[in-house]
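Colleague: Could you take me through one part of this model in detail? I'd like a close look at a single strand and what lies around it.

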Amino acid sequence: MTTTPTDVISEALGHRAGKVIAVHLSYASRAAQRGRTPTEASYFLKASSSITGPGTVTRPEGTELLVFEGEIALVIGTAARNVTEEQAWSHVGWVTAGNDMGLLDLRAADKGSNTRSKSGDGMTALGPVLLDASRLDPTRIGLRTRVDGNTVQDDSTVGMLFSLGYFIADLSRVMTLEPGDVILTGTPAGSSVMKPGQSVSVEVYSLDEHTLTTGELTTTVVAGPALGPTGSQPAADDTQRIDAWGSAEAAGLEPAPAPFVLTEDLRERLGRLAVSTISSQLRRRGYPGTSIDGVHPLVPGSRMVGTARTLRYIAYRPDLFTTHGGGYNAQKRAVDAIGEGEILVMEARGIPTAGTLGDVLALRAKVRGATGIITDGAVRDAAAVAEVGLPVMCACAHPSVLGRVHVPWETDVTITCGGTAVQPGDVIVADDDGAVVIPPSLVIEVIESSEQQEHEEVFIAEMVAAGHPVDGLFPLNAHWRERYETWRDNQD
């Protein structure tokens, strides 16, 4: 897909570069843009035949999502195998500018491998010169990308989630990094779509010595013929367009609806409502099965209002417990990830013969700011859990550890707890009557209707206390509704 087959690495080595390993999310700015921050680096491979230098890249007819990603490219100078992060930089021979391009119209059929979408000829532009790595501080390398002369990316290794040495040490645990291998270290926020006629220029430089620079690696997009008919054909949907352009607005699409936020005001209003009232309002809206059945407060009088995070246990099997039950398993990860105002809801299949929560994890959740924990299984060390002061709802207490019947399997997925479906982000309200699950889209109308219902019930209770029969009063018929409205107006 390029008219410029030579590149600076091939010229320096006398042969084509070796492996091309690209990093997914690596900059804090990009992670913020994507709405997720990885705890570990992840990678994909690009074909070495995709490497080129400055020049042109072709966007085939019938495609629209040719993307650029300005990156710092590392070129291995000496073989690295099982090196430490501290040793890693000594194995880097050169640093240069990289443009990790891709044709995202081909991504769907790649199933995450990026083989076709990222490995086309000319999709890895490098150059225009190699910088001696020994002259650079790996923590002080800048990156700048311009489109048609306008700066669209301006970041540095200071803004990276992982060090450059981390990538080398991590990869060298499982493979030998050989001289001439290239590591594309990820792109900051600002990458987007290129159109025919546009030029993208990437520059890498020392933050401490700005004259130590690669100069601009410039790639110009040209229109080309359509790809051949064999195999999957280019296709783009709105999800791919948003990913390629960086936002719905940039892609010319209607912005996605703002995610539901359980504000402090909504939280307080829910906290004043009885779970029984909320349950009746959900039933009226066609949601009769939203109660988490079979659970009760470990400490009577406890209340919870919050958004759900989820954890699912599966049935015990020795081999699966070996792979998923020990170490930093899903149970511990779920508790460590719980945030302010959230409720961890556990699917324990309603089995009461093994604890799914103990005092240490309850304390960790409380420290993290959790509102509470609900499990349709058992709690161990129940008295100690109660003393932690975190509201907990469970089926019962049991002394056994979870490895007797459970394997902690996965987090933040749709689960079934106490017979009802719970998704991450659902709103949970619990009191002595039990717990109910409110879909976020219904929260505001359920609150308003529940407040109205409870206000009416205050009037009804007063009338019953005054000796009136409930027939026609509960629920209100037309006569009693008129009297209620008069009473309500006088209350105001």
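Modeller: Happy to; here is a walk along strand 6 and its surroundings.

This is a predicted model, so to speak of local features I need pLDDT of at least 70, and side-chain atom pairs count only at pLDDT 80 or more, while totals for chains, interfaces and linings use all residues. Residues are numbered from 1 along each chain as its sequence is written, and side-chain values use heavy atoms, with hydrogens and water left out.

Strand 6 covers residues 70-76, and seven of its seven residues are buried. Strands here are DSSP runs of E with at least two residues, helices are runs of H or I with at least four, and both are numbered from the N terminus. Buried means under 20% relative accessible area, with exposed over 50% and partly exposed in between, for a 1.4 Å probe and protein chains only. G70, I72, L74 and I76 make up one covered side of the strand, and E71, A73 and V75 the other.

Now its partners. Strand 6 runs antiparallel to strand 7 (residues 92-100), joined by seven bridges; I76 stands opposite V92 there. Three bridges link strand 6 to strand 12, also antiparallel, and V75 has V182 of strand 12 as its bridge partner. Two strands pair if DSSP finds at least two bridges between them.

Just after strand 12 (182-184), the loop leading to strand 13 (193-194) holds T187. T187 is buried, with a relative accessible area of 3%. A polar atom of its side chain lies 2.8 Å from the backbone oxygen of G70, and the T187 side chain also makes a polar contact with the side chain of Q153, at 2.8 Å. A polar contact is a pair of N or O atoms within 3.5 Å; within protein, one must be able to donate a hydrogen and the other to accept it, and residues adjacent in sequence count only if both atoms are side-chain atoms.

L74 leads us to the largest nonpolar core, of 44 residues, where L74, W89, V95 and I168 touch the most other members. Elements giving two or more residues to this core include strand 6, strand 7 and helix 6 (164-172), and helix 6 gives the most, with five. A nonpolar core is a set of buried Ala, Val, Leu, Ile, Met, Phe, Trp, Tyr and Cys residues joined through side-chain atoms within 4.5 Å. Leaving aside neighbours within four places in sequence, I168 is in contact (heavy atoms within 4.5 Å) with residues including L74, V92 and I183.
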